Amino acid sequence: MTEAARPATRPGQAPAAGPALTERQEARRRRILHASAQLAGRGGFDAVQMREVAEKAGVALGTLYRYFPSKIHLLVATMQDQLQQLHETLQKRPPEETDAGARVAETLMRAFRAMQREPHLADAMVRALTFADRSVSPEVDTVSRLTTAIILDAMGIEGEPTPEQLSAVRVIEHTWHSALITWLSGRASIAQVKIDIAMACRLIDLTAAGRA
């Protein structure tokens, strides 16, 4: 989907960033993100060097920097792209659990298993988010909004979420991000990650019970 073709946003969904790209510009951007993901997947954060990305994507180094001012910008955008692909997949094959909390837990575990398949790429993207300063705030915010949109979709929220629901979503996002970091650093097992995410997702059912 090109920048120009993106649909209108809903609560929690990431808006298109900046002006719409032409088809040629979008194709160039896609090649850059693909090259970034490939290099990161093979060697992690340190393997993503801007000159190598430019060469692999078939663009001039100056062109790369016009799209992404730094390696951190590039890797955060790569995570945004990975989340967008996941979101589209989940919309085609949503979780089938009855309870909203269970659906969100399954959704986040699908995302986690995707990260698990490419641990070097996951490590590179998470490190970029951790290192991001204020200059990368728009890109980081977009990642957060995409994560929120994925969770809200799994919850089955079609309209405006309540403040309580958004608060629960933020706690779940923090838990998921923390679980990624502890798993990548070898301080948590997959089983522990699943338990922590399931526990955080119980907040969704608690907020629903509070409104009943």
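**Confidence, helices and side-chain pairs in a predicted model**

In this predicted model, the pLDDT remains under 50 over residues 1-17, although the model has 37 contacts beyond four places in sequence for this stretch. Where pLDDT is low, predicted coordinates should not be read in detail. The chain as a whole has a mean pLDDT of 88, and 89% of its residues reach 70 or more. Among the elements of the chain, the highest mean pLDDT, 98, belongs to helix α2 (residues 50-57), whereas helix α9 (residues 190-211) has the lowest, with a mean of 83.

The chain contains 9 helices and 0 strands, and its elements, read from the N terminus on, follow the order α-α-α-α-α-α-α-α-α. Of the 212 residues in the chain, 42% are buried. When contacts with a separation of 6 or more are considered, 71% of them are made by residues 24 or more positions apart, and several of the pairs described below can be read alongside that value.

An unreviewed UniProt entry lists residues 49-68 under the name "DNA-binding region", an annotation that may be inferred rather than shown by experiment. In the model, the chain over residues 49-68 is 75% helix and 0% strand, and the C-alpha atoms at the two ends of this segment are 12 Å apart.

A search of the whole structure for aromatic pairs finds 3. One of them is formed by F45 and F131, whose rings meet edge-to-face, with 5.5 Å from centre to centre and 80 degrees between the planes. This pair links distant parts of the chain, since F45 lies in the loop between α1 (23-43) and α2 while F131 lies in helix α6 (residues 119-131), 86 residues apart. The two partners can also be described by their accessibility: F45 has a relative accessible area of 10% and is buried, whereas F131, at 46% relative accessibility, counts as partly exposed. The ring of F45 has a further neighbour in K71, whose charged end sits over that ring at 3.9 Å from its centre.

Side chains of opposite charge can pair when their charged atoms come close. The structure holds 4 salt bridges. One of these joins R30 and D81, with the closest N and O atoms 2.4 Å apart. Because R30 is part of helix α1 and D81 is part of helix α4 (residues 71-92), this pair ties together parts that are 51 residues apart in sequence. D81 has a relative accessibility of 12% and therefore counts as buried, the limit being under 20%, while R30, at 33%, counts as partly exposed.

Another salt bridge connects D123 with R127, where the closest N and O atoms are 3.8 Å apart. Both residues belong to helix α6 and are 4 residues apart, so they are separated by about one helical turn. D123 is partly exposed, with a relative accessible area of 24%, and R127 likewise counts as partly exposed, at 29% relative accessibility. Elsewhere, E106, R110 and R113 are joined into one network by salt bridges that share partners. Within this group, the side chains of E106 and R110 meet in a salt bridge with an N to O distance of 3.7 Å, and these two residues both lie in helix α5 (residues 100-117), 4 residues apart, or about one turn of the helix. E106 counts as partly exposed at 23% relative accessibility, whereas R110, at 18%, counts as buried.

Helix α6, which holds F131 as well as D123 and R127, also includes L121. At 3% relative accessibility, L121 counts as buried. Leaving aside residues up to four places away in sequence, L121 touches A37, A40, G41, T78 and Q82. L121 and V48 are 73 residues apart in sequence, while their C-alpha atoms are 10.0 Å apart in space.

Notes: Residues are numbered from 1 along each chain as its sequence is written. Side-chain values use heavy atoms; hydrogens and water are left out. pLDDT is the predictor's confidence in each residue, from 0 to 100. Contact means heavy atoms within 4.5 Å. Rings of Phe, Tyr and Trp (its six-membered ring) pair if their centres lie within 6.5 Å; planes under 30 degrees apart count as stacked, over 60 as edge-to-face and the rest as tilted. Buried means under 20% relative accessible area, exposed over 50%, partly exposed in between (1.4 Å probe, protein chains only). A charge sits over a ring if NZ of Lys or CZ of Arg is within 6 Å of the ring centre and within 35 degrees of the ring normal.
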